[in-house]
Number of protein chains: 6
Amino acid sequence: MALSARNRLDGTVKEVTTGEVMAEVVIELGDGQEVTSTITLNSCERLDLAPGDAVSAVIKASEVMVNKD
Amino acid sequence: MALSARNRLDGTVKEVTTGEVMAEVVIELGDGQEVTSTITLNSCERLDLAPGDAVSAVIKASEVMVNKD
Amino acid sequence: MALSARNRLDGTVKEVTTGEVMAEVVIELGDGQEVTSTITLNSCERLDLAPGDAVSAVIKASEVMVNKD
Amino acid sequence: MALSARNRLDGTVKEVTTGEVMAEVVIELGDGQEVTSTITLNSCERLDLAPGDAVSAVIKASEVMVNKD
Amino acid sequence: MALSARNRLDGTVKEVTTGEVMAEVVIELGDGQEVTSTITLNSCERLDLAPGDAVSAVIKASEVMVNKD
Amino acid sequence: MALSARNRLDGTVKEVTTGEVMAEVVIELGDGQEVTSTITLNSCERLDLAPGDAVSAVIKASEVMVNKD
């Protein structure tokens, strides 16, 4: 798989919450930081996501903002 | 600042590349993973981003995909 | 807060609709125009959003399209 | 045109900056607030955008974040 | 309608699934490939989408990733 | 690769335009419709994209709007 999306953050599924159309997936990264994703319920079921799964958060560079306090 | 975007990943600016309209910012996270962001050149200059700056990558949950090999 | 997202439109929360995973927030701007946002239910509760709240709609420039009739 | 994108903010083109691939368009809304958009240079030329043009900023609800100070 | 979004894929609504806040719309393209969209329930009702409707999937170029196996 | 993004449209690279930070890739689908993507120059070089390459356009469902005339 060679996908143009620049960002792949490896982690483990911590929590999955499902609704009628959407699902929320919380992923814990190596350093303990968390990444939350909302995907369609359909995709969540297709990937058969469950706590403990090894996954990666995939994010296109144009969707990432930068904050500098 | 209470922003609805769920994801804030703390890190350090590693590299900044600028074009006429856009800029690319590579951020190194605590665990060595990298996050790349494309923002407008204007924002890059407004934030005065330079290698070594402490920043956070801010990402809305709806922009995060999940990959499970 | 110095966030790279270029667009901050100040307004007031007019309406909040919640589902199991997502929430919809309608914001009225100064000139009466409205901006609608969908965020996670979790973020909506974290920000404790309710009608009458002073908020700003924050939008990355790359997410804005232009229409010219 | 019945587009699902919920947000259409009417305004006037204030400034256009072009690069080799992308273009930045600053739109002034009725109440003086500004919205900045980055689109492809190709789209900018196709719409023949110039300062003074009456346009609307079109934004999908899922791309709008909410900030509450 | 002259919208900056570069991508308009013509097709027919195959399936609509609604939740409390969001709705999922599956569109069949001419060549049998499918495109799935999640929009707000409000937009889905405003457009009065139903199977068999002639529609187009509209996608900003910055939201499209490229995969090369 | 099991990616949550719902939309994978198979096609062939028709045209690649590069700038200092971004690149534009035009993909021709089976039925002759075209999909345009903007990705970082870095990703474009990493994928070594050139006209004639078999690729797929990958799009998250939340980034797809619906238009009904």
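Two residues are in contact when heavy atoms of theirs lie within 4.5 Å. In this predicted model, that criterion places 38 residues of chain A in contact with 38 residues of chain B. Of the area that chain A buries against chain B, A:Val66, A:Asn67 and A:Lys68 supply 20%, more than any other three residues. The area buried between chain A and chain B comes to about 3,300 Å², and carbon and sulfur atoms give 52% of this.

The fold of the single chain provides the background to this interface. Chain A contains one helix and five strands, arranged along the sequence in the pattern β-β-β-α-β-β. Its C-alpha trace spans about 35 × 25 × 25 Å along the principal axes. Chain A has 69 residues, of which 64% count as buried. Among the contacts in chain A with a separation of 6 or more, 43% are between residues 24 or more positions apart.

The arrangement of the chains may be described next. Two copies of a chain are related by a rotation about an axis and a shift along it. For chain A and chain B, a turn of 180 degrees with a shift of 0.0 Å along the axis lays chain A on chain B with an RMSD of 0.0 Å. These two copies are therefore related as by a two-fold rotation axis. Within chain A, the residue that comes closest to the rotation axis is A:Asp31, whose C-alpha lies at 2.7 Å. The interface residues of chain A are, to 100%, also interface residues in chain B, so the copies meet through the same surface. A second relation links chain B and chain D: a rotation of 120 degrees, with 0.0 Å of shift along its axis, superposes chain B on chain D at an RMSD of 0.0 Å. This is the relation of a three-fold axis.

The polar side of the interface between chain A and chain B can now be examined. Across this interface there are six salt bridges and 22 residue pairs in polar contact. On the side of chain A that touches chain B, at least two residues come from each of strand E1 (7–18), strand E2 (22–29), strand E3 (34–40), strand E4 (54–59) and strand E5 (65–67). One of the salt bridges pairs the side chains of A:Lys68 and B:Asp53, at 2.9 Å from N to O.

Side chains of opposite charge can pair when their charged atoms come close. Over all chains, the count of salt bridges is 24. The side chains of B:Arg6 and A:Glu24 form a salt bridge at 3.0 Å, N to O. Because B:Arg6 lies in the segment before strand E1 of chain B and A:Glu24 in strand E2 of chain A, this pair joins two chains. B:Arg6 is buried, with a relative accessible area of 18%, and A:Glu24 is buried at 7%.

Chains C and D offer a further pair of this kind, in which D:Glu24 forms a salt bridge with C:Arg6, the closest N and O atoms being 3.0 Å apart. D:Glu24 belongs to strand E2 of chain D and C:Arg6 to the segment before strand E1 of chain C, so this pair also joins two chains. D:Glu24 counts as buried at 6% relative accessibility, as does C:Arg6 at 18%. The salt bridge between the side chains of D:Asp69 and C:Arg8 has an N to O distance of 3.9 Å. Here D:Asp69 is exposed, at 75% relative accessibility, while C:Arg8 is partly exposed, at 33%.

Two buried polar residues show how other chains meet. F:Thr40 lies in strand E3 of chain F and has a relative accessibility of 5%. Its side chain makes a polar contact of 2.9 Å with the side chain of A:Arg6, and another of 2.9 Å with that of F:Ser43. Beyond its neighbours within four places in sequence, the contacts of F:Thr40 include A:Ala61, B:Glu24 and B:Thr38. E:Ser62, in the loop between strand E4 and strand E5 of chain E, is likewise buried at 5%. A polar atom of the side chain of E:Ser62 lies 3.4 Å from the backbone oxygen of C:Ser62. E:Ser62 also touches residues including A:Lys60, A:Ser62 and F:Thr38.

Finally, the cysteines deserve mention. A:Cys44 is buried at 5% relative accessibility, and E:Cys44 is buried at 5%. The whole structure contains zero disulfides over all chains.

Methods:
Residues are numbered from 1 along each chain as its sequence is written. Chains are lettered from A and ligands numbered from 1 in the order in which they are written. This is a predicted model: local features need pLDDT of at least 70, side-chain atom pairs count only at pLDDT 80 or more; totals for chains, interfaces and linings use all residues. Side-chain values use heavy atoms; hydrogens and water are left out. A disulfide is a pair of cysteine sulfur atoms within 2.5 Å. Buried means under 20% relative accessible area, exposed over 50%, partly exposed in between (1.4 Å probe, protein chains only). Copies are superposed by least squares on the C-alpha atoms of residues with pLDDT of at least 70 in both. Buried area is the accessible area (1.4 Å probe) that two parts lose on being put together, summed over both. A salt bridge is a side-chain nitrogen of Lys or Arg within 4 Å of a carboxyl oxygen of Asp or Glu. A polar contact is a pair of N or O atoms within 3.5 Å; within protein, one must be able to donate a hydrogen and the other to accept it, and residues adjacent in sequence count only if both atoms are side-chain atoms. Helices (H or I, at least four residues) and strands (E, at least two) are DSSP runs, numbered from the N terminus.
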